[in-house]
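Here is a set of short exercises to work through with the model open beside you. Try each task before reading its solution.

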Amino acid sequence: MNSFSDSYKAAGVDVTAGYKAVELMKEHVARTMLPGVLSGLGGFGGLFALDLEEIRHPVLVAGTDGVGTKLKIAFLLDKHDTVGIDCVAMCVNDIICSGAKPQIFLDYVAVGKNVPERVAQIVSGVAEGCVQAGCALIGGETAEMPGFYPEDEYDLAGFSVGVVDKEKILDQNTMEAGDAIIALGSSGVHSNGFSLVRKVFDVEKRDLSMYSDELGMTVGEALLTPTKIYVKPILGLLESVPVRAIAHITGGGFYENIPRSLKAGLMASIEEASLQVLPIFKMIQAVGQIPLRDMYNTFNMGVGMCVIVPGSQADKAVEILRSYGENAYVIGEVRPGEGIEIK
């Protein structure tokens with residue numbers, strides 16, 4: 001590659017750094033390769049051949065998202081190899097709510113200064129997320145934007161596409177009163193609510209490396225814990241249990257996300273005593289003196305995803321999810337009404 005521009009470099013963009021970053025990330029991308037991948041890095045578009053042998057009416061399901069201001073914690077700790085997992089998780093966890101299996105992922109990294117080693121660390125996390133989700137990282141973009149981002153900062157976003165047979169798309173209209181609501185435990189704050197988190201902990205001034213007995217780790221480690229990816233256990237569940245609906249608990253917490261999965265005329269009744277709230281949320285509430293209602297309207301509170309199944313299938317569903325290593329348990333039921341109650 002003999003592409004080089006002194007003028008562009010003088011303006012703050014080093015194209016050779018981009019080439020080096022691509023070389024460093026290739027080993028990570030290779031971990032995500034699936035039989036359907038038809039192209040390597042460096043082309044103008046990623047090519048992927050869908051395996052439709054067992055799908056009669058294929059429907060593509062797409063999702064896109066970013067990591068948000070959680071990245072500020074990564075900057076402060078100078079740790080960049082896990083935020084890529086968050087990026088993948090925020091996309092594929094949405095896709096699986098339709099019953100679709102994620103197939104491909106693309107990332108977009110915008111940097112103030114292209115430090116190849118740091119970009120490769122970011123992509124290593126993206127690749128790990130793709131491995132956990134069982135999808136292929138078939139391309140992406142690294143944009144060096146001096147003057148737009150500070151040299152030591154970046155933004156990270158992603159895009160994923162999955163596929164589902166039209167006849168197997170989850171239909172919340174099959175929901176009935178008496179259906180069980182099952183929680184899948186989260187790994188922590190995941191990737192939502194970090195504007196409030198940063199304010200509560202005053203992260204720019206606080207030493208995030210201080211160990212906390214309450215958390216069993218440092219505050220920084222707890223906050224940077226990557227978002228859990230639920231694709232494989234949910235796909236396993238869908239093979240054996242008639243799932244009515246799935247809700248990914250992201251920004252807006254319980255009050256915004258669970259009602260999105262409900263059939264009109266039905267409500268979610270959650271037993272607060274059944275919830276296994278993680279220590280990090282108790283700390284956030286105490287330090288920030290945040291009303292409990294606001295906590296449930298902002299954070300996942302230890303529940304990363306909710307699955308609604310017939311009440312008669314609840315025990316079987318919990319058993320299947322636990323066989324995949326998930327902390328799954330019943331937190332409530334569907335009742336006539338609207339919205340959600342936590343009592």
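## Exercise 1: Two unusual loop residues

Gln289 sits in the loop that connects α10 (279-288) to α11 (292-296); helices here are DSSP runs of H or I with at least four residues, strands are runs of E with at least two, and both are numbered from the N terminus. Before going on, note that this is a predicted model, in which local features need pLDDT of at least 70 and side-chain atom pairs count only at pLDDT 80 or more, while totals for chains, interfaces and linings use all residues. Residues are numbered from 1 along each chain as its sequence is written, and side-chain values use heavy atoms, with hydrogens and water left out.

**Task.** Find the sign of phi for Gln289 and for Asp78, and decide whether Gln289 is buried or exposed.

**Solution.**
- Step 1: Start from the background: most residues other than glycine have a negative phi.
- Step 2: Gln289 is not a glycine, yet its phi is positive, at about 50°.
- Step 3: Asp78 also has a positive phi, near 55°; Asp78 belongs to the loop between α3 (71-77) and α4 (83-95).
- Step 4: Gln289 is exposed at a relative accessible area of 71%, and Asp78 counts as exposed at 58%. The classes are buried under 20% relative accessible area, exposed over 50% and partly exposed in between, with a 1.4 Å probe and protein chains only.

## Exercise 2: The surroundings of Ser191

**Task.** Place Ser191 in the fold, then work out which side chains make polar contacts with the side chain of Ser191.

**Solution.**
- Step 1: Ser191 is found in the loop between β5 (180-185) and α6 (194-201).
- Step 2: With a relative accessible area of 8%, Ser191 is buried.
- Step 3: Leaving out residues up to four places away in sequence, Ser191 touches Val67, Lys70, Asp86, Met90 and Thr227; contact means heavy atoms within 4.5 Å.
- Step 4: Two of these neighbours are polar partners through their side chains: Asp86 at 3.0 Å and Thr227 at 2.9 Å. A polar contact is a pair of N or O atoms within 3.5 Å; within protein, one must be able to donate a hydrogen and the other to accept it, and residues adjacent in sequence count only if both atoms are side-chain atoms.

## Exercise 3: One face of a helix

**Task.** Which residues of α9 (residues 253-260) are buried, and what do they pack against?

**Solution.**
- Step 1: The buried residues of α9 are Gly253, Phe254, Asn257 and Ile258.
- Step 2: Looking down the axis of α9, these residues fall within an arc of 95°, so they line one face of the helix. The arc is that of the directions from the helix axis to the C-beta atoms.
- Step 3: This buried set packs against β8 (245-248), β9 (266-270), α11, β10 (303-309) and β12 (339-342).

## Exercise 4: Strand pairing

**Task.** In which sense do β8 and β10 pair, and which strands do 5 bridges join to β11 (residues 328-336)?

**Solution.**
- Step 1: β8 and β10 pair antiparallel over 4 bridges; two strands pair if DSSP finds at least two bridges between them.
- Step 2: Ile246 has Val307 as its bridge partner in β10.
- Step 3: Both faces of β8 are covered, with Ala245 and Ala247 buried on one side and Ile246 and His248 buried on the other.
- Step 4: β5 is joined to β11 by 5 bridges, running antiparallel, and Leu184 stands opposite Ala328.
- Step 5: β9 is also joined to β11 by 5 bridges, again antiparallel, with Ala268 opposite Val334.

## Exercise 5: Salt bridges

**Task.** How many salt bridges does the structure hold, and how far apart in the chain are Arg56 and Glu167?

**Solution.**
- Step 1: There are 14 salt bridges, each a side-chain nitrogen of Lys or Arg within 4 Å of a carboxyl oxygen of Asp or Glu.
- Step 2: Arg56 and Glu167 meet in one of them, at 3.3 Å from N to O. This pair links distant parts of the chain, 111 residues apart.
- Step 3: Both Arg56 and Glu167 are exposed.
- Step 4: Lys26 and Glu23 form another, with the closest N and O atoms 3.1 Å apart. They are 3 residues apart in helix α2 (residues 15-30), separated by about one helical turn.
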